[in-house]
Structures are given as structure tokens and as C-alpha cells.
Amino acid sequence: MLSERSEAWAALVARRLHEVLGALDASGRHGFQRYLATEFQPDRAALRASAERYLADDTAEAAAALARAADPPRQELLRRINMAPGEPVALIAMRSELASCLRGEPELKLLDADLKHLFASWFNRGFLELRRIDWQTPAAVLEKLIAYEAVHEIKGWDDLRRRLAPDRRCFGFFHPALPGEPLIFVEVALVQGLATAMLPFARTADG
């Protein structure tokens, strides 16, 4: 995948890899994660040479060359894996699985850091779209609102209907690559005038 120059063919390879990974059990996925973390390191000789050049001549060009040499091939591999349909979700799930292993396997922190770095770029707030969520929103999104609400638990569909009543506003931030996956919810309760304290307002918002 890393050596392929054709984007179309690289996307096809990424799709095939996505299918293979989808068939793995938890142990197989963990093995693949360890493989990514340990086998795709920067070239030490090239990195050392770039570092020595930068120490001898700290120009912008030397700094850029050092940054390129320090960039692990693993990040480019993850970028190409992301070319397959549905891969953002799979990579997010990968990082979620990593969270439970980092303390016992510190070498996996390299892969976790790379995923965090790439997500910060891919999910830049400039790419997010704010959409209003109401009773006409697809049921799949409404189900996620019920499942994900962590501040004021939504107790089923009747409670959700009340949350989406005319005196309420609910919005979700969506990413173009994940059109059916709301990343952030914002819920607002409309009141008469300005609230004088947060506690009464919180009680109003929660019913």
C-alpha cells in the first residue's frame, strides 16, 4: 500500500485491507495494532543525518527536512488506510480499543499518538457542519442522541420528543466523512428572559 503510486489502486488495496481487518477477532486486531506500532518507525540513519544537518545549519529548509525524516511511515500508512469507505469509523474504533492497552503496552502509545495527530487534522473544526436536530431527523441519528447523551440522560422516545419540543433547540456537529454520525450535541432550552442562576436553568432543561 505504501509503495503504490496510483490513488485508485491504493484505495482498492485499502478496501481489501478493510475487509480483512473486519473479519479479525479481538486478538487478531490487537496483533495488527502491535504490528503498526512497532514495524513502521522512521529510518534511523536518515533521521540522524537530518538531525545533524539541522544542528549544523538550523535553516527552515533543514528543519523541514528533519520533520520529513521524523514522520513515521506509519502515519502515511494510516492516511492510505483511511482511503477505504468507512475507514474513519474503523480507525476511531481502533483508537478506542488501544485505550485499554496503553498502560500495559507502552509501545502502543506511538500508534495512539499518530492516530490522535491525524484525527486532529481530519476532524478540524473547520470541517464540521452544524445541523439542527428535530423530530424529522432520521431515526438512526435520534437513536444516537438517546444513547450518547451523557449530561441529562434521555429516558426513551417520549423523553426525546419532549427534548425536541417547540421551546427546545438541539443541534449536532457532523463531519462530511461521517454523515450519519453526530460528533457533538448541543441542547438548548428557551426560557422567558435571562436565567438568574444555572441551577434553576438546569432543572428546566432536564424537566
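Which helix gives the most to the lining of the second largest pocket? I started my notebook with that. I kept in mind that the model is predicted.

**Entry 1: the pocket**

I looked up the lining and found α6 in the lead, with 6 residues. I then checked which helices supply at least two residues each. They are α1 (7-22), α2 (26-39) and α6 (87-99).

Next I noted the volume of this second largest pocket, about 210 Å³. The lining counts 14 residues, and the closest to the pocket centre are Leu21, Arg29, Ala90, Met94 and Glu97.

I also sorted the lining by residue type. I got 8 nonpolar, 3 polar and 3 charged residues.

**Entry 2: the sheet**

I moved on to the strands. Three of them form an open sheet, in the order β1-β2-β3, and the pairing is antiparallel. Why is one side of β1 and of β3 left without a neighbour in the sheet? β1 (129-132) and β3 (184-189) stand at the edges and have a single partner strand each, so one side of each has no neighbour there. I looked up the twist too: from one strand to the next, the average is 25°.

**Entry 3: the pairings**

I took β1 and β2 to begin with. β2 covers residues 168-174, and its antiparallel pairing with β1 runs over 4 bridges. I found Leu130 opposite Phe173 of β2. I also traced Arg131 to its bridge partner in β2, which is Gly172.

Then I turned to β2 and β3. How many bridges join β2 to β3? I read off 6 bridges, and these two strands also run antiparallel. Phe171 has Val186 as its bridge partner in β3.

**Entry 4: the two faces of β2**

I followed the side chains along β2 and saw them alternate. Which side chains point to the buried face? Arg168, Cys170, Gly172 and Phe174 point to one face and are buried. Arg169, Phe171 and Phe173 point to the other face and are not buried. I went back to my pairing notes with this in hand. Phe173, opposite Leu130, is on the face that is not buried. Gly172, the partner of Arg131, is among the buried ones.

**Entry 5: a helix across the sheet**

I closed with helix α8, residues 139-148. I found α8 lying across β2 and β3. Against β3, α8 runs at about 80°.

Terms used: Residues are numbered from 1 along each chain as its sequence is written. This is a predicted model: local features need pLDDT of at least 70, side-chain atom pairs count only at pLDDT 80 or more; totals for chains, interfaces and linings use all residues. Side-chain values use heavy atoms; hydrogens and water are left out. On a 1 Å grid over the protein atoms alone, a cavity is a set of points where a 1.4 Å probe fits but cannot get out, and a pocket is an open set with protein on both sides within 12 Å along at least five of seven lines; lining residues have an atom within 4 Å of a point. Grid points are joined across faces, edges and corners, and a volume is the space filled by probe spheres set on the points. Ala, Val, Leu, Ile, Met, Phe, Trp, Tyr, Cys and Pro count as nonpolar, Asp, Glu, Lys and Arg as charged, and the others, Gly among them, as polar. Two strands pair if DSSP finds at least two bridges between them. Axes are lines fitted to C-alpha atoms, for helices over the stretch in contact, and angles run from 0 to 180 degrees between N-to-C directions. Contact means heavy atoms within 4.5 Å. Buried means under 20% relative accessible area, exposed over 50%, partly exposed in between (1.4 Å probe, protein chains only).
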